[in-house]
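Subject: Handing over a structure, with notes on what was found

Dear colleague,

I am passing this structure on to you, since you will be looking at it for the first time. Please have a look at it first, and then read the notes that follow.

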Amino acid sequence: MKGNLFADACSSFEDAAFVLFGAPFDGTSSYRTGSRWAPMEMRKASYNFETYNADLDVDLADVPVHDMGDCEAHSSLEETLGVVFDAASAIVRAGKIPIMMGGEHSLTYPCVKACGRVGFVVMDAHHDLRQEYGGQKYNHACVSRHVIEDLVDRYVSIGIRSGTREEYEYVRQNKNIRSYSASDVDSMGIGAILKEVEAYLDGCDRIYMSLDMDAIDPAYAPGLGTPEPFGMTPRDVRTVIRRFAPKTVGFDVVEISPEYDHGTAALLGAKLIRDFIAAKWKSMQA
Ligand code: MN
Ligand code: MN
C-alpha cells in the first residue's frame, strides 16, 4: 500500500531512525474541524518532492524512515490521547524519533509525555494556555498550559499573536516561559530570537518541537483549523526547525484542515516534515 504511506518512508520499523504516524483526530477543534484528514493529505503531498535536499546535502532515499500508518482515533478525546501516547511511547522505547502528523494540537501532549524529560519549543499563533476550554481540560486550546504544568520546565513559543488577557498575564508571571510573537519575529529577525532561545535552552540537550501550522500566515497556509492573519513566513519556520533539529527527540505537525484550501497547507506541512528529517539526519551523521 505504498501510495498510502509517506514518500520515501521505506524502512522497516526495526531499521528506522524516524517513525512517522498519523493521528486523525479533530474532536475538540473549536472553529473549523477537518484536521483528521491532514495525515492523508500530507502523505499525498509528500510524493511531489525530490528525495534530494540540496540545501542540506541529504538524500531522503538514504535515510531510514518508517511510516506506521494512522493510529486509531476514537470518539472520545481521552481514549485517543491514550492511543497516541502508546504509539509515541513504543517509538521512543525503541530508540527512534517519533514524528506525529495531526490531527489537532491536543495530541501533542501525549507525545511530549512519551519523550520523557525535554525542553519544549512550539510554533503557534495561539498561546493555548487556558486551563480548560468548553469544559475540557485537554482541549486543543489548552495544550501548552498542561505541557508546562505537567511535563516540562523550559518552554518556548514562537509566532504567537492570539490569546486572552489571562493567557498573556500567565506568560508574564511564569518564569519558565519564553514567548515571541510573530511581530517579534518581524522586528527582531528570526536569527536574533534563535540566539536568545539557544541561550535559554542551553544545557537542555533534548527538545520536543511542535509545529501548529497556524503559526504560519494563512496566506501561505490557508487550510487551517483556526487561521490567524499576520503570521510567520514558512522560511522563518523552516529556519527554527533546522536550528533545533539536532537536539530534537520528537516532532509534530498539527492543525492543518485540508478542506479549506487546495492542498497548500498540507504541501507545506509535508515539506517541513521532510526538512526536519533531513536536518536531524545530517546532525546524526556528524
Ligand atoms: Mn495550538
Ligand atoms: Mn494555533
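How are the donor residues of the manganese ion (ligand 2) spaced in sequence? They follow the pattern D-x1-H-x85-D-x1-D. Please keep in mind while reading that this is a predicted model.

The two metal sites

The manganese ion (ligand 2) is coordinated by D124 (OD), H126 (ND1), D212 (OD), D214 (OD) and D214 (OD), at 2.2 to 2.5 Å. Among these donors, H126 sits in the loop between strand 6 and helix 4 while D214 sits in the loop between strand 9 and helix 8 (234-244), so that this pair ties together parts that are 88 residues apart in sequence. Both H126 and D214 are buried.

For the manganese ion (ligand 1), the protein donors are H105 (ND1), D124 (OD), D128 (OD) and D212 (OD), which lie 2.1 to 2.2 Å from the ion, and along the chain they show the spacing H-x18-D-x3-D-x83-D. Here D128 belongs to the loop between strand 6 (119-123) and helix 4 (143-151), and D212 to strand 9 (residues 207-212), so the pair ties together parts that are 84 residues apart in sequence. D128 counts as buried because its relative accessibility is 7%, and D212, at 2% relative accessibility, counts as buried too. The manganese ion (ligand 1) and the manganese ion (ligand 2) are 3.3 Å apart, with D124 coordinating both.

The surroundings of D214

D214 deserves a paragraph of its own. Although D214 is buried, it has no salt bridge, and the nearest side chain of opposite charge, that of R161, is 5.7 Å away; a salt bridge would require a side-chain nitrogen within 4 Å of a carboxyl oxygen. The side chain of D214 does reach the backbone nitrogen of A125, at 3.0 Å, and it makes a polar contact with the side chain of H126 at 3.2 Å. Not counting residues up to four places away in sequence, D214 touches D124, A125, H126, R161, L224 and T226.

The nonpolar cores

In soluble globular proteins, nonpolar side chains tend to be buried together. In this model the largest nonpolar core has 58 residues, and those with the most contacts inside it are F18, M213, I273 and F276. Helix 9 (residues 264-285) gives the most to this core, contributing 11 residues. If neighbours within four places in sequence are left aside, F276 is in contact with F18, I97, I99, M209, I241, A245, T248 and F251. Apart from this core lies another one, of 34 residues, which includes V19, F21, V122 and Y170.

Salt bridges

Side chains of opposite charge can pair when their charged atoms come close. The structure holds 12 salt bridges, of which a few are described here.

The side chains of R36 and D26 meet in a salt bridge at 2.9 Å, N to O; R36 and D26 are 10 residues apart, each placed in the loop between strand 1 and helix 1. R36 counts as partly exposed because its relative accessibility is 41%, whereas D26, at 2% relative accessibility, counts as buried.

Two further salt bridges involve helix 1. E41 pairs with K44, the closest N and O atoms being 3.2 Å apart, and both residues lie in helix 1, 3 residues apart, or about one turn of the helix. D70 forms a salt bridge with R43, with 2.9 Å between the closest N and O atoms, and this pair links distant parts of the chain, D70 being in strand 4 (residues 65-70) and R43 in helix 1, 27 residues apart. D70 is partly exposed, with a relative accessible area of 40%, while R43 is buried, with a relative accessible area of 5%. Elsewhere, D55, R238, R242 and D275 are linked in a network of salt bridges.

The loop around P24

Lastly, P24 lies in the loop between strand 1 (18-23) and helix 1 (38-46). Leaving aside neighbours within four places in sequence, P24 is in contact with R36, P39, D70, C71 and A73; R36 and D70 each take part in a salt bridge described above. P24 and P229 are 205 residues apart in sequence and 25 Å apart in space, C-alpha to C-alpha.

With best wishes

How values were computed:
Residues numbered from 1 in each chain as written. Chains lettered and ligands numbered in written order. Predicted model: local features only at pLDDT ≥ 70, side-chain atom pairs only at ≥ 80, totals over all residues. Heavy atoms only, no water. Donors = N, O, S within 2.8 Å, 3.2 Å for Na, K, Ca; no water. Helix = DSSP H or I, 4+ residues; strand = E, 2+ residues; numbered from the N terminus. Buried < 20%, exposed > 50% of the residue type's maximum accessible area, 1.4 Å probe, protein only. Core = buried A, V, L, I, M, F, W, Y, C linked by side-chain atoms within 4.5 Å. Contact = heavy atoms within 4.5 Å. Lys, Arg positive; Asp, Glu negative; His and termini not counted. Polar contact = N/O pair within 3.5 Å; in protein donor to acceptor, adjacent residues only side chain to side chain.
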